[in-house]
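Visitor: Please walk me through this entry, one question at a time.

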Amino acid sequence: MSPVEFVPVIPLLPLVAMVIIFLVTRPLDIAAQRRAGLRPTGVSGGHNVGGATAGHEQAETHGSGADHDEHDDHGGGHGHGGVTTFWGLAGAVVAVVAMVGAFGLALAIFFQFLGSPALQKSGYTVHLWNWFSFGPLHYVIDFRVDTLTAIMLIVVTGVSMLVHLYSIGYMAGDLGFSRFFMELALFTVSMLILVLGANILVLFIGWELVGLSSYLLIGFWFDAAPPPAGSDLPYPPPAALKAFVTTRVGDFAMLIGILMLFVTTGTFTFTTLNTPATYQHIDQFTVTVAMILIFCGAVGKSAQFPLHVWLPDAMAGPTPVSALIHAATMVAAGVYLVARFFPLYSQVAGPQSLEVVGWIGSFTAIFAAVIALAQNDIKKVLAYSTISQLGYMFVGLAVAPTDATGIFHLFTHAFFKALLFLGSGSVIHAVAGNQDMRKMGGLAKYMPITAVTFLVATLSISGFPLFSGFFSKDAIIGEAFTYGQANGNFWFYGLTLFTAFLTAFYMFRLFFMTFGGRGGAFGGFWGNERQYRGEAHPHESTWTMTVPLILLAFPSALVGFWSINSGFANFLTAGIQTYDNPLFDPLTYVGVAVALLGIGLAWLVYGLEVVPARVFTSNPVGRAAYTVMINKFYVDEFYGWVIQYIALGLSHGAELFDTYIIDGIVNGSATSVQRIGDATRRTETGVLQNYGAAIFGGALIIALAVFIATGAFVH
Amino acid sequence: MLLTAIVFLPLIAGVICMLAPDRAARWIAAVFTGVVFLLSLWLYFGLVATGSPNFGSVIAPQWYIDVPWINVVLGAFHLKVDYALGADGLSMTMLILNGLLSFLAVIGSWKIGKRPRLYFALLLILETGVMGVFAAFDLFLFIFFWEIELIPMFLLIGIWGGARREYAAWKFLIYTLVGSAFTLAGIFLIYFQTGGRDASYQHFTQTAPSLTGSLPFFGGSVSLALAIFLLLFVGFAVKIPMWPLHTWLPDAHTEAPTAVSVLLAGVLLKMGAYGLIRICLGFAPHGAMEFAPVLGVLAAINVLWGAGASMVQKDMKRMIAYSSVSHMGYVLLGVAAAAAIGTANINFRQAALTGATLQMFTHGTITAMLFFSVGVLYEKAHTRDIDVFGGIGKRMPMLMLLYSVACFAALGLPGLSGFVAEYLVFTGSFATLPVATIFAAFGVVLTAGYLLWMLRRSFYGPLNMKWDWLTDTTVREAFPLVALGLVILFVGIYPQPIIDLLTPSLQQMVHSMSALAIH
C-alpha cells in the first residue's frame, strides 16, 4: 500500500475532528462554561440569564455584561479575561492532532509523487460513491491526486495545521472557542474536497462549502456590536453576508460555464475535459465563452476586480481565519481553478480567454496595491495586498506557457501571506485588539519573534533577492515580458512591474509603522518604546502563537529555491520544463531594482522619516488621489446604489404588481363570489356537507361551462 | 391493501379524534400519522426487501389495486370510475413525504389550544385527501381526492389562522376552485376523446398521446393536445403556484398556523407539480411539447419574481411563501426542459425531469423546516417581523443553527438536498432551454441574498434587549427540525436511493415523449 491510496483519509481526519467537537467536546465545553457562570444557562428561561446557576459570582456583577456570552469585548482584545475550559481545549487538541495526521499524510503523498515520475504523469484517481447516472452522464464523487493537487494538499494541510495550533493561543478565553475549531475543521474539509475533486461536480461542492465556512468564520463574532460611526473597522454580520453573496455572483457565472461545458461534452471529469481531442466537433467560441464564465467564478472567489469588495470586509473575522481562508488557501482557489483547466485555457479555448484572465489580474494587482497605499488598518493593508498578489497569480497563468509560474506564486504566497496575517494577529493581540497602525510603532522591541518573522515575510512579498517571493514574483514579471515580446502587449509587464514597486513600498510602510520608526535601531527597522504610539502594554505572544510564526518563516524564506533549475515547474508539469531561472535572467535585475526602490522610499518616509508622509497629501492632486484611495475608488458605494435602487426597486415593483394588479383583478372578481359565499357561510359551525356540496357544485358548474364553451363535446 | 390503509387510516383516525376527549386528540393523531408514515416507508422498503427492487412506472405500478366503483351509462354518455390505487417512484416519494410531514405537523401542533379535536381531525382528513391524490390511478378518483383536500385546508386556515384568516381562506378556496374547474373540464375532454370508457392512468398513457386534431377556439383553432394540456394545467398551475396565479399563496401562508403552512408548502404545492408531471406531461405530451418554451419562460419568471418579492418582505412567513414560488419555478423549469423540442440527448431530458421531481421532494422537506423554524420563533415571540428582532441568535443558538441549516439548504448549498435537485435541473435544462436556465440560475444569487439578509437582521448583531427573555428550542420543538435536517443532509450527500426510486417511472415518461418527437 502506498500513501496515495489513503488520500481520502486526509479530508476524513478533520471531518472526524469536526464531528467529535460538535457531538462531544463542544456540548461538554458549553456545560462547563455554564457551571463556571461564563455563559447563561439558556434552559432557565428567566430574565436573569445565568443567574440560575449556583456558584457564579462575577457574571452578575456587571449586569448586561453577562450578555457577552459568545466573546468578550470584540474591540478590546480577543480572549482576554475569558477562560478556556478543559473540554474546549480537548476539542482543539483533537483538531490539531487530526491536522498533524493530515499534513503527515499529505507530505507522504507529496514525496511519493516527487519520487515517481510515472505517478506525476498519471495521477491517481479514487472512486468514492455514485450520485447517479443518466445513460452516459455520470454524476460521481471521485477524488484525484495529481501534481497540482499534491502541492495544494501540502499548502492546505500545512497552513491549516499551523493556524489550528496558533488559534489555541489566539482564541483562548473566547466563549465560542469550540465553535471556532469546529468551523475551522469544516473549512479544512471543504478546501480539501475542493482540491481533491476529480470532476467539476466535486470541485463545485468544495467551492460552495468553503464559501459557507468563510461565511461562518467571518461572522464568527455574530453578536458583535457595530463599530462606532465613522470608524472603518469591519463589522462581522454584514461582512459575512457580503462575502457570501458577492462570491455567489461569480459562482452563478461559473455555473453557467460549467453547464456549457457539460452539455457540449457530456462529462464533468477533468481528465476528459482537459483532453483537447474531446473538443474536435465543438465550436471554439463556445469553449472560449465557457472558460471566461468559469473564470468569473475565480474572480469572485479570489476577490478580483470587480468582485473584490468582500475581501477587505472579511477581515472582520478572527485573524487566524484571515490567514488561513482569506490569504493562504480559499482565495487562492480561483487560481487553482484556472490552473486546473489550464490545458483548456491555453490549448482549446481562443486566446481571448487567457487575455481576460491577464487583464483582470494585472488591473486588480495595481488597483488593490494603490488602495493599500492609503490604508491604516494593518489587516486592511494585508487584505488589499492579498488581492493584489492574487492578481499576480492570474497574470502568471495568463502569460506563461504552463501553469507552473502562477501556481508557484500561489505556493510561496501561501506561506508568507499566512505568516504576515498570523504576525499581524500576534500584534493585534499584543496591543489589545487595536488594528490601527497609527497607534502602533516600535513594537519590535516588545515582540522580537513576531518582528523578525514578520520582516522575513515582508522581504519575501516585496521580492527581496533570494527570498521566496523574489523567485515566484520575478518569474511572473519575466514571463510577462516574454509574453510582450511575443504578442506586442507589454501592458501586463508594465503593470506588474510597477505593482512590484508599490508592493515593496506599502509593505515596508506597514512594517515601519508597526515595528519600527524614526530613532529605532538599524535606521528605524527595530523600534522600541519611544516609537510606540499606543496606550496598551504590548507583549510577545504565547508559544502556540510564536511557534507557527517561526515554522512559517522557513518556507517564506526558502521555498523559492525549489524553482532553481525549474525544479518546481518540472514537478508540476510532469517533466515539461518551463520557465527560466530568474537568478540568471537580466530582467530580474529590473524587478529587483524596482523592489529596492520601493523599500528605499518606504524607509526614507516611514523608517528614517527624512521625507514627511504629508508630502503626498500636501498638494491638491495628492489630496484628491488620497480621498479616492481611502474610499477604495467608491466601488462599494456604487454597488450599494445598484442594490438599493435597482435590485430592491425591481423587487418592490414585483410585490406591488402582485398586490395591486394581480390581486386587484382577483379581489374584484372574488368580491361577487364572496357575497354569495357570505350568505351561506358557516365557518364557525363547520358543517362539512355544506362546503362539500358548495365546492363540488361550484366546480361542476364552472367545469361544464368551460367544457361547453370549448366545444369539447363535438368530436 | 397497503395503499388503501395509507389513504383511509387517517380518515378513520380523524373520526376517532372527533369522538375522543380534547386531551387525547393529539395523541391519537400522532400515533395514527406515525403509523401511516411507517406504512408509507414500507412502500419503499417492502420493495427493497425483495432484493432486486422494481419501483414501478405508470404502466406497471406497484401495490396496485383496482375495484370498479361507479359505472353510469346515459345514452352516449358513459361515466366509469374505478377505485384504482397504485404507486410508482413518482408517487411513492410524494406519499412518503406526505406521511413524514403530516406526522411532523402533528408534533409541531402539540400546543394547539383552540378546538384541538376538530383541528387534528381536519389535519388527518387533509392527509387522506393528499394521500389519495398521490395514490389514485384513476383520473376521476384523482380529482375527487383533489377536491376533498380543499375542505379541511379551507377550514384550517379559516378557523385557526391569523388576523386576516377569512380573506386568506376564501382566496385560497376560490383560486383553487376556479383552477380545478379547468382541470376537471380537461379531464372530461381527455376522457371522452380517448373513448369515454376508461379513466385509468394506464389507458391514458397508451391512448392519449396519439390524439390528433384540433378544436375550434373563438373563431380560430387550437390543437387538441394543447387544449387538453392547457385545461388540465390551469388547476395545477394555481396549486404549484405559477406566476401570475400565485398571489393566494403568500396570504394563505401568512395566515395559516405553522403546521398548516408546513403541509401547504410541503405537500399541497407538490400536488400541482405532481399533476403537471403525471397528468399533463404523461397524458398530453404533445401539448406539453408545444407549450414547453412558454413554460420555460414562465419558470424563469417564477424563480426571479418569487425571489425578488421575497427580498422585500417584512414578515418571515411571507418571505418563505414567496421563496416557495421561486423554488417551485425550478420544478417548472425541469418539466419544461424535459418536454422542450430540441436536438438534445434524451439523457439531459431525464436529468431535468429527475431534478424537477427531486426538487419536489427536497423543497417539501426544506420549506417545511423553514416554516417550523419560524413557527418556533412565532410561538414564543408572537411576531414574525424580521426587523423587530436583532441578535436573537445569542438567546436561541440551537434555533439559529437549525434555521441556518434550512436556509442554506434552500439556497442550494452542496451537502444538503437542495443543491442536488437544483444542479440536476440546471445540468439537464441547459441542454434544451439555455436562456431560461441562465435566468433561472440567477435565482441562486437572489436566494442567498434574501435568506442570509433575513438571518443577519434577525439573528446577527447585538441582542435587542427587548428579546432578552427568549428561550431556545425545547426538545419537542427541535424534533421536527432535526428530523427534517437529517433527511436533507442524507439526500444531499447520498441521493442515489431516491434517484433510483424515481428512475423507472421518469424513464418511461421521457422515453415515450422522445418516441413522439421522432414522429
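**Contacts, core, helix 8 and interface**

Visitor: Which residues is B:A336 in contact with, leaving aside its neighbours within four places in sequence?
Guide: The model is a predicted one. With neighbours within four places in sequence left aside, the contacts of B:A336 are B:A292, B:L295, B:G296, B:A299 and B:L433.

Visitor: Which residues have the most contacts inside the largest nonpolar core?
Guide: That core has 472 residues. B:A336, described above, is one of those with the most contacts inside the core. The full list is A:V335, A:V338, A:A418, B:L332, B:V335 and B:A336.

Visitor: Is A:A102 buried or exposed?
Guide: A:A102 lies in helix 3 of chain A, residues 86-115. Not counting residues up to four places away in sequence, A:A102 touches A:I10, A:L13, A:P14 and A:T157. A residue needs 20 or more other C-beta atoms within 10 Å to count as buried. Because A:A102 has 26 other C-beta atoms within 10 Å, A:A102 is buried.

Visitor: What separates the C-alpha atoms of A:A102 and A:V431?
Guide: Along the chain, the two residues are 329 residues apart. In space, the separation of their C-alpha atoms is 34 Å.

Visitor: Where does helix 8 of chain A bend?
Guide: Helix 8 covers residues 236-265, which is 30 residues. From first C-alpha to last, helix 8 reaches 42 Å, close to the 44 Å expected at 1.5 Å a residue. Helix 8 nevertheless has a bend of about 25°, and the bend is at A:V249.

Visitor: How many of the residues of helix 8 of chain A are buried?
Guide: For chain A, 57% of the 715 residues count as buried. Helix 8 is mostly covered, and of its 30 residues the number buried is 27.

Visitor: Which residue follows helix 8 of chain A?
Guide: The residue after helix 8 has a positive phi, near 75°. That residue is A:G266.

Visitor: Which helix of chain A gives the most to the side that touches chain B?
Guide: In all, 66 residues of chain A are in contact with 70 residues of chain B. Strand 1 (124-134), helix 7 (200-218), helix 8, helix 26 (635-680) and helix 27 (688-709) of chain A each supply at least two residues of that side. The most, 14 residues, comes from helix 26.

Visitor: How many residues on the side of chain A that touches chain B are nonpolar?
Guide: On that side, nine residues are charged and 16 are polar. The nonpolar ones number 41.

Methods. Residues numbered from 1 in each chain as written. Chains lettered and ligands numbered in written order. Predicted model: local features only at pLDDT ≥ 70, side-chain atom pairs only at ≥ 80, totals over all residues. Helix = DSSP H or I, 4+ residues; strand = E, 2+ residues; numbered from the N terminus. Expected span 1.5 Å × (residues − 1). Bend = angle between axes of the 7 residues up to and from the residue. Buried ≥ 20, exposed ≤ 12 C-beta atoms within 10 Å, placed from the backbone. Contact = placed C-beta atoms within 7 Å. Nonpolar A, V, L, I, M, F, W, Y, C, P; charged D, E, K, R; others polar. Core = buried A, V, L, I, M, F, W, Y, C linked by C-beta atoms within 7 Å.
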